[in-house]
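Thanks for sending this one over. My notes follow as numbered points, starting with a small question to get you oriented.

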Amino acid sequence: CRATNKYGSDHTSATLIVKDEKSLVEESQLPEGRRGMQRIEELERLAHEGPAGVTEEARERQKPEIVLFPEPARVLEGETARFRCRVTGYPQPKVNWYLNGQLIRS
């Protein structure tokens, strides 16, 4: 994951493990199961809304910073892997995802 705006960039990575069907992973890969997913969604909502009471004009220039890092993922061959990260910065950074150095189109 690479986040970029005109003031800089930040990047991070996560491991993806792909297993064949014989080694099925049955437990949740999210922290605390479904509650972990709800917490991630709440953090994303708060990030999208921005700090309360701050106008666009009052925001300071800020280079991108990744503040929620993607977790390693395990999937079965043929399944979709999902990674999440949270990025701050102003103006809003552009976020691109890469797999083995190649840009992934979403």
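Where does N100 lie? N100 sits in the loop between β7 and β8 (102-104). Please keep in mind throughout that this is a predicted model.

1. N100 and its backbone. The phi angle of N100 is near 50°, a positive value in a residue other than glycine. With 75% relative accessibility, N100 counts as exposed, so it falls over the 50% cut-off for that class. If you are scanning the backbone angles, the loop between β7 and β8 is where to find this residue.

2. Overall make-up. The protein has one helix and eight strands. Followed along the sequence, these elements give the pattern β-β-β-α-β-β-β-β-β. Of the 106 residues in the protein, 18% are buried. The protein exposes about 8,500 Å², and carbon and sulfur atoms supply 46% of that area.

3. Contacts across the sequence. Taking the contacts in the protein with a separation of 6 or more, 69% are between residues 24 or more positions apart. Several of the points below give individual pairs that you can check in the viewer.

4. The loop between β2 and β3, starting with T12. T12 lies in this loop and has a relative accessible area of 16%. T12 is therefore buried, as the limit for that class is under 20%. Setting aside residues up to four places away in sequence, T12 touches C1, I66, F69 and P70.

5. A14 in that loop. A14 is also placed between β2 (8-11) and β3 (16-19). Its relative accessible area is 32%, so A14 is partly exposed. Beyond its neighbours within four places in sequence, A14 is in contact with P70, E71, P72 and F83. P70 thus appears in the contact list of A14 and in that of T12. A14 and F69 are 55 residues apart in sequence, yet their C-alpha atoms are 8.2 Å apart in space.

6. C85 and its partners. Is C85 buried or exposed? C85 is buried, with a relative accessible area of 15%, and its place is in the loop between β5 and β6. Residues up to four places away in sequence aside, C85 touches C1, I66, L68, P70 and W97. Among these partners, C1, I66 and P70 are also touched by T12. From C85 to V67 the C-alpha distance is 7.4 Å, with their positions 18 residues apart in sequence.

7. The nonpolar surface patch. Which residues make the nonpolar surface patch? L16, V18, L99 and I104 make it, and the patch covers about 330 Å². L16 is found in strand β3, while L99 lies in strand β7. L16 counts as partly exposed at 35% relative accessibility, and L99 counts as partly exposed at 47%. L99 and L16 are 83 residues apart in sequence and 9.6 Å apart in space, C-alpha to C-alpha.

8. The negative surface patch. D20, E21, E77 and E79 form a negative surface patch. One of its members, E79, is found in the loop between β5 (73-76) and β6 (86-90). E79 counts as partly exposed because its relative accessibility is 45%. The loop that holds E79 also holds the buried residue C85.

9. A cis peptide bond. Which peptide bond is cis, with omega near 0°? It is the bond from Y90 to P91. P91 lies in the loop between β6 and β7 (94-99). If your setup assigns peptide geometry automatically, this bond is cis in the model.

Methods: Residues are numbered from 1 along each chain as its sequence is written. This is a predicted model: local features need pLDDT of at least 70, side-chain atom pairs count only at pLDDT 80 or more; totals for chains, interfaces and linings use all residues. Side-chain values use heavy atoms; hydrogens and water are left out. Helices (H or I, at least four residues) and strands (E, at least two) are DSSP runs, numbered from the N terminus. Buried means under 20% relative accessible area, exposed over 50%, partly exposed in between (1.4 Å probe, protein chains only). Contact means heavy atoms within 4.5 Å. Patches are made of residues with over 30% relative accessible area and no salt bridge: like charges are joined within 9 Å, nonpolar side chains (Val, Leu, Ile, Met, Phe, Trp, Tyr) within 5 Å. Accessible areas come from the Shrake-Rupley method with a 1.4 Å probe; for residues, only the protein chains shown count as cover. A salt bridge is a side-chain nitrogen of Lys or Arg within 4 Å of a carboxyl oxygen of Asp or Glu. Lys and Arg count as positive and Asp and Glu as negative; His and the chain ends are not counted. The place of a charge is taken as NZ of Lys, CZ of Arg, CG of Asp or CD of Glu.
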